[in-house]
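Student: I have a model open and would like to learn how to read it. Can we go feature by feature?

Tutor: Yes. Here it is.

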Amino acid sequence: MEIPYTVSTRPDTGLWNAKIGIWLFLASEVMLFGGLFSAYIFLRIDALPGMWPHGLLNVPVGTMNTAILIASSVTVVLAWAALKMRRYRAYWWYMLATISCGVIFLTVKLVYEWPQKFEHFGAYIKPAALEKYEPYLGNHHLEQKGLPPRLEVTGHLHNLAALHDPKIKEYEVALDPTNADPTNPTMDRPHFFYVPPTDKIATIEKEDVERAGMFTPDHNTYFASYFTITGLHGLHVLGGVLVFIYMWLPVSKKVYQRNPEHLANRVEVCGLFWHFVDLVWIFVFPLFYLL
Amino acid sequence: MNNPPDVSPDPAEHEEYAHNVQKHVRGYLIVGALLLTFTALTVALSYVDFGTRKANIAVAMLVATFKAGLVAAIFMHLAAEKRLIYRVLLFTGIFVFALFWLTFLAWYDPIVH
């Protein structure tokens, strides 16, 4: 049995069916991401001063990934245009470029960005002990400038066993530049380039710490929303890549040979999904990396 | 920018049609370049101090909304689409507005504040 209106338009809607289908799906996706973004707004607005971290993500890498996603949006629309012009060879190359972009994006996220966070340590200092750690926090300096306080000491944890062993009473942390030199005015605002932890080691006693751990989703509301939203976004990228691979494989050439317009429509529908994923990232990038 | 028309089954007209699509391709490339430029602009502006963080967020969201508009209008062909799709999106817009309105209401809880 032939599926109706894959190429020709349905008289009452004026559209081929898949197009309405994908837009209805995207409407539901808007609500899905909308819910998460509204959670983000909620968590961020109600965060107490100093409880919403800044400058913990790698901006150049994030910018590169944004550019990759934009480039892939261009290549997928060019792939579709190539099919419309009946240039299968060009379509094949544009599709390969799109798939590569998606794979690079995911690789950067999963192999570089996320693991780096899982190895980054942070300890929130108890309010009563803030004065004791003032040399690492520089809150007098920040207060003078009218900036929110620093409540967390971050860096590379040397004695990993301290995380689980109750007998170890302190954390030994190779400090991030911000905590190593907290009154330096250049530390008041986040850096563009990622600066690795310094050689300066600080000993932070566990009894002075409210909570401490690696930058995992349970570390704070910032990382909870970061991992949830970028994780869901990453799943969308993965889904898109898998469908694009199907469209690129020889099976789809058969569709093209039977009716080129059918494949063009399929690619248009997947492209709409892909542009939506790009569109979500356009908001994710500034919200988490820059602001 | 309108979308390329549906392909003509007449081979004689096909060459002209392909030429037509080619013109759109140029548009897509320009939009891609614009999006990259505005990404660089977003990054640069985030290092400019607009006084308060709220002001910085507002500027970044403005640029992001413009970029999203470009993607939706040109790449997703919303600049010229059938009426039914606009209707679907109108409802989506209403529901999203309601969703963010709920967030706003929760934030403005008069009992707590």
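Student: How many helices and how many strands does chain B have?

Tutor: Keep in mind that this is a predicted model. Start with a count of elements. Chain B has 3 helices and 0 strands. Next, read the order. From the N terminus, the elements run α-α-α.

Student: What share of the residues in chain B is buried?

Tutor: Burial is read from a neighbour count: 20 or more other C-beta atoms within 10 Å make a residue buried. In chain B, which has 113 residues, 19% are buried.

Student: And what part of the contacts in chain B joins residues 24 or more positions apart?

Tutor: Take the contacts with a separation of 6 or more. In chain B, 47% of these are between residues 24 or more positions apart.

Student: Now the interface. How many residues does each chain give to the contact between chain B and chain A?

Tutor: Count each side on its own. Chain B gives 38 residues and chain A gives 39. Then ask which elements supply them. On the side of chain B, helix 1 (11-46), helix 2 (53-75) and helix 3 (83-107) each give two or more residues. Helix 1 of chain B has the largest share, 13 residues. Last comes chemistry. The side of chain B that touches chain A has 28 nonpolar, 8 polar and 2 charged residues.

Student: Which domains does the assignment give for chain A?

Tutor: Watch for domains built from two segments. Domain 1 of chain A covers 17-118 + 220-290, and domain 2 covers 121-214. Their C-alpha centres lie 35 Å apart. The contact between them takes 9 residues from domain 1 of chain A and 10 residues from domain 2 of chain A. By class, the domain 1 side has 5 nonpolar, 4 polar and no charged residues.

Student: Let me zoom in on one residue. Where is A:I168 found?

Tutor: Place a residue by the elements on either side. A:I168 sits in the loop between strand 2 (152-157) and strand 3 (170-175) of chain A.

Student: Why is A:I168 classed as partly exposed?

Tutor: Use the neighbour count again. A:I168 is partly exposed because 14 other C-beta atoms lie within 10 Å, and that class lies between 12 or fewer for exposed and 20 or more for buried.

Student: Which residues does A:I168 touch, leaving out those up to four places away in sequence?

Tutor: A:I168 touches A:N159, A:A161 and A:A162. Also compare sequence with space. A:I168 and A:K206 are 38 residues apart in sequence, with 8.5 Å from C-alpha to C-alpha.

Definitions and conventions
Residues are numbered from 1 along each chain as its sequence is written. Chains are lettered from A and ligands numbered from 1 in the order in which they are written. This is a predicted model: local features need pLDDT of at least 70, side-chain atom pairs count only at pLDDT 80 or more; totals for chains, interfaces and linings use all residues. Domain bounds come from an automatic or database domain assignment. Two residues are in contact if their C-beta atoms, placed from the backbone, lie within 7 Å. Ala, Val, Leu, Ile, Met, Phe, Trp, Tyr, Cys and Pro count as nonpolar, Asp, Glu, Lys and Arg as charged, and the others, Gly among them, as polar. Helices (H or I, at least four residues) and strands (E, at least two) are DSSP runs, numbered from the N terminus.
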